[in-house]
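User: I'd like to learn how to read a model like this one, feature by feature. Can you take me through it?

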Amino acid sequence: MTETNWQQLQTDVVALLKEARRQVLAKMHQTLTVDEKTSRKDLVTNVDKGNEQFLIGGIRQLDPQAQILGEEGFGDQLTSMAGRVWIVDPIDGTMNFVKQRDNFAMMIGIYQDGVGQLGFIYDVMNDVVYAGGPVVGGVWANDQPLTAPANLALADGLIGMSAPLVIHDVAHTQAIVHASAGMRIYGSAGIEMISIMRGKTLGYISHLKPWDFAAGQVLLNTLGIRTSTIDGQPLNMLSSNLVLVATEQAQRDILRIEEDDVSL
Ligand code: 2AM
Ligand code: CA
Ligand code: CA
Ligand code: CA
């Protein structure tokens, strides 16, 4: 693709995701094959793998020159973000998928030379695709344009967290929760990011891989929400990061807690 028609590409990716949803729903109530990756809390199913293969096949047709990074390893070995890179999480919230058959997402981020262009988070069970980016000038929930969430201070809203960080009080997460209006834990980075786009929570802190935040970063930044490491640095797209997603004000509040090293 020399001249990319981003609007058309967005439409094509949404169509691909809709077909992926049909396949996942059809397989969801059959017996799942569930394997442990690094621990009994880190699972992968036949549906994660099958869906990644399906999505990557579709992306290769849409953009044959691109590099593709997929969580389950069916894409390319990525060593740089040069050129066009697609980052795919076929099922985000696999534990929710296995235990609840709900609260999971499909996610795709498209980057050009390391810069986010389009993002997609599909809330599968509610059948809502969040799609958009700077190249199309906004974010849509299905056909509905989203407005930027209010720029809340930490004290004025709820914050999403990953449970292990709070249990072990990594990076002063307990002090951050204490300073907020309350904590919520959804168990899916994608569902957490949707909640922020909807203004239901003002941020999220979790230890994440590129496929967990690639799509959300594009969508959230388009809506004025900040994404960084817990130290306020840009996210590294080729490694794990301790990710801080927050409104501008809440990001400032949280970075101050990190700097002050306060324990409440
Ligand atoms: P996943 O389901 O695609 O693996 C769960 O708290 C959230 O964190 C999910 O979005 C999950 O994505 C992500 N996550 C990242 N690393 C994880 C890990 N090692 N184990 C479980 N979930 C992980
Ligand atoms: Ca996983
Ligand atoms: Ca994930
Ligand atoms: Ca996944």
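**Hairpins, sheet and domains**

Analyst: Let's start with a hairpin, keeping in mind that this is a predicted model. Strand 6 and strand 7 form a hairpin with 4 residues between the strands, and in it Asp 127 takes a positive phi near 55°.

User: Why look at the sign of phi at all?

Analyst: Because most residues other than glycine have a negative phi, a positive one is worth a look. Here Asp 127 is found in the loop between strand 6 and strand 7. Asp 127 counts as exposed because it has 11 C-beta neighbours inside 10 Å, and the cut-off for exposed is 12 or fewer.

User: Which residue takes a positive phi in the hairpin of strand 5 and strand 6?

Analyst: That one is Asp 113, with phi near 50°, in a hairpin that has 2 residues between the strands. Away from these hairpins, Ala 171 also has a positive phi, near 55°. Ala 171 sits in the loop between helix 4 (163-167) and helix 5 (173-179). Ala 171 counts as partly exposed because 19 C-beta neighbours lie inside 10 Å.

User: Now the strands themselves. In what sense do strand 6 and strand 7 pair?

Analyst: For a pair of strands, look at the direction, then at the bridges. Strand 6 (residues 115-123) and strand 7 (residues 128-133) are antiparallel, with 5 bridges. Among the partners, Asp 123 is bridged to Val 128 in strand 7, and Tyr 122 to Val 129. On the other pairing, strand 5 and strand 6 are also antiparallel, over 8 bridges. There, Gly 109 has Gly 119 of strand 6 as its bridge partner.

User: How many strands are in the sheet, and in what order do they come?

Analyst: To read a sheet, walk across it from one edge to the other. This open sheet has 7 strands in the order 3-4-5-6-7-8-9, with mixed pairing. Its edges are strand 3 (67-70) and strand 9 (144-145), each of which pairs on one side only.

User: Why is strand 6 described as largely enclosed?

Analyst: Count its buried residues. In strand 6, 7 of the 9 residues are buried, so the rest of the structure largely encloses the strand.

User: Which helices lie across strand 6, and at what angles?

Analyst: Take each helix with the strands it crosses, then its angle to one of them. Helix 1 (residues 6-28) lies across strand 5 (105-112), strand 6 and strand 7, and runs at about 30° to strand 6. Helix 6 (residues 189-197) lies across strand 4, strand 5, strand 6, strand 7 and strand 8 (138-141), at about 100° to strand 6.

User: What about domains?

Analyst: Begin with the bounds, then ask what each side gives to the contact. The domain assignment gives domain 1 (6-145) and domain 2 (154-260). Their centres, taken over C-alpha atoms, are 21 Å apart. Domain 1 puts 32 residues into the contact and domain 2 puts in 23. On the domain 1 side, the elements giving two or more residues are strand 4, helix 3 (94-100), strand 5, strand 6, strand 7 and strand 8. Strand 6 has the largest share of that side, 7 residues. By class, the domain 1 side has 17 nonpolar, 11 polar and 4 charged residues.

User: Is Phe 97 buried or exposed?

Analyst: Phe 97 lies in helix 3. It is buried because 26 other C-beta atoms lie within 10 Å, and the cut-off is 20 or more. Next, look for partners beyond its sequence neighbours. Leaving aside those within four places in sequence, Phe 97 contacts Thr 45, Ile 91 and Phe 104. Phe 97 and Asp 48 are 49 residues apart in sequence, with their C-alpha atoms 9.7 Å apart in space.

User: Last one: how many residues surround ligand 1?

Analyst: For a ligand shell, ask who is there, of what class, and from where. There are 15 residues around ligand 1, and the closest are Asp 42, Asp 92, Thr 94, Ser 188 and Ala 189. Strand 4 (84-92) and strand 12 (203-208) are the elements that give two or more residues to this shell. The shell is made up of 2 nonpolar, 7 polar and 6 charged residues. Domain 1 and domain 2 each supply at least three of the shell residues.

Key:
Residues are numbered from 1 along each chain as its sequence is written. Chains are lettered from A and ligands numbered from 1 in the order in which they are written. This is a predicted model: local features need pLDDT of at least 70, side-chain atom pairs count only at pLDDT 80 or more; totals for chains, interfaces and linings use all residues. A residue is near a molecule or strand if its C-beta atom, placed from the backbone, lies within 6 Å of it. Ala, Val, Leu, Ile, Met, Phe, Trp, Tyr, Cys and Pro count as nonpolar, Asp, Glu, Lys and Arg as charged, and the others, Gly among them, as polar. Domain bounds come from an automatic or database domain assignment. Two strands pair if DSSP finds at least two bridges between them. Two residues are in contact if their C-beta atoms, placed from the backbone, lie within 7 Å. Axes are lines fitted to C-alpha atoms, for helices over the stretch in contact, and angles run from 0 to 180 degrees between N-to-C directions.
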